[in-house]
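Please look over the protein shown here before reading on.

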Amino acid sequence: LEKTYSSNKTETVKVYDEAGNFSEVLVEINNIDKEKPILKVNYSTQKITNEDVSVTIISNEKLQSKEGWNLLDEKTLEKTYSSNKTETVKVYDEAGNFSEVLVEINNIDKEKPILKVNYSIQKMTNEDVKVTITSNEKIQDKEGWNLLDEKTLEKTYSSNKKETIKVFDLAGNASEVLIEINNIDKEKLVLDVDYSNLKITNQNVVVTIKANKNLQTINGWQLSSDKKKLTKTYTTNKTETIKVFDIAGNSSEIIVKINNIDKQKPIISVSYSAVKPTNQDIIVTLTSNEELQAINGWNLSNDRKKLTKTYTENTIGNVLVSDLAGNTVSKTVYVKYIDKEKPIIKIKYSSAKLTNQDVVVTLISNEELQDKEGWKLSSDKKELSKTYTENYQEDINVFDIAGNEVSNNIDISIIDKIAPKLKISYSETEKTSEDVTVKITSNEKLQTVNGWQLSSDKKELTRTFEENDVKNLEIRDLAGNISKVKVEISNIEKIKINDKEEISNSKGIFILIFTIIVVTFFIFILIKLKRDKKVEAN
């Protein structure tokens, strides 16, 4: 069985089974709440205040917690406001019903009152001066002052006075205002003059005339806020007499004299102790048409018109020069002729091997060189050259333009202009049927000759001739010097083939005859031996 209840209710329900038996059951519903909570808003204060305002929302039933609010008890929410605000706050009870309440705070005032002071008279007077303090909002009463309306205080001063008055608005915020009365005057005017600068300056000079009391304005002069000073800016030198009046009409005269203004820049010239390459330090001098201020690192002359500095190395930069008045001019100092580095020299020889020609030695530098006697200087001044006709060894001192010196060793040992001395020998000088070997021996190393064998020490040439011949040779040493030699062979006699056959035949006949003779001789001996044996036997 099911039934929906839309409101709280308590009742007894009788339930029957099919046989008619029944039981009773108590239905009790008391948790339905469709009523909005009834809310009340309270403020910690509703008066003007410079404090925070605490707002309390009180309900007739239990409430849910709310972000930004404190749940003090089950029915109270609290929140502190530090500034004025109007907002609608939605509050829920535990059942979820809600009510809206308007929170409106407009009594918080944490701003100080803005005050304005007015004087009944601001020129010199022998009457009382009435001071009025006006506020932008309602203010509290103040002892010694009259509150004319909610925003105005008034007080009458019978003598000059300076005091600070603290004024409170209704919320308790305070502002201070300075009351200064100095326009009641019966005293004599006393003057003094002051200059912003007594030294030479390139700035304007401000002259201040000071008085013991308030002054009237003067055309061309600026009156200070306290009315006791007159100021004027002078752009040029001048002397004049100034007549000054106080507010009451009392007068005094004072002389203003200005002769220390200088706005002209100094005229500076730059000079150098050397204007060509040097290996010495260079002194730079700055010369002025007027006295100068000292510069750190520079020497100032006694007459203060010259600045000097010694440079040990090249540099470029701007120097700010100031006269005594502070006028400045920038001068470029360009030291470019200092060279204390030795030149780097590379030696070049026109030939690196033996030669029978002159040798040109060239000294090649990384910078310009000075001319040197006996040597030729190139157009770009970076090369010195000299022609050596014979072997020579010497140390050459070379100077660059700045005078830096470097020593170079010149060593020439490759010049050979003497022809080699030759000697010819033959393996056979008599008549011969064999080959003849010719040997040419030199006192120095030789170049190769076509058809000839050069020895390992290059001092000997050999060639074997199989027949008579005549050779006119030019023999060169390694430097190219030439010696002429004539090789002549005329002693070779070799047998021709036909002659050899005849000789061979003659030899055969000779051998045959010789053999016959030998055989005959042996036969004769044998016969004789046999005869001798027979004789012995008989």
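The questions and answers below go from overall form to the nonpolar cores.

This is a predicted model, in which local features need pLDDT of at least 70 and side-chain atom pairs count only at pLDDT 80 or more, while totals for chains, interfaces and linings use all residues. Residues are numbered from 1 along each chain as its sequence is written, and side-chain values use heavy atoms, with hydrogens and water left out.

Reader: How many strands are there in the protein?
Author: Helices (H or I, at least four residues) and strands (E, at least two) are DSSP runs, numbered from the N terminus. Counted in this way, the protein has one helix, and its strands number 38.

Reader: Why is the protein described as more spread out than a compact globule?
Author: The C-alpha trace spans about 210 × 135 × 40 Å along its principal axes. The globule rule (2.2 Å times the number of residues to the power 0.38) is compared with a radius of gyration taken over C-alpha atoms. For 538 residues the rule gives 24 Å, and the protein is more spread out because its radius of gyration is well over that, at 69 Å.

Reader: Which strand supplies the largest share of the largest nonpolar core?
Author: A nonpolar core is a set of buried Ala, Val, Leu, Ile, Met, Phe, Trp, Tyr and Cys residues joined through side-chain atoms within 4.5 Å, where buried means under 20% relative accessible area with a 1.4 Å probe, protein chains only. The largest one has 19 residues, of which Trp221, Ile242 and Val244 touch the most other members. Strands supplying at least two residues each include E15 (191-195) and E19 (238-245), but the largest share, four residues, comes from E16.

Terms used. Buried < 20%, exposed > 50% of the residue type's maximum accessible area, 1.4 Å probe, protein only.
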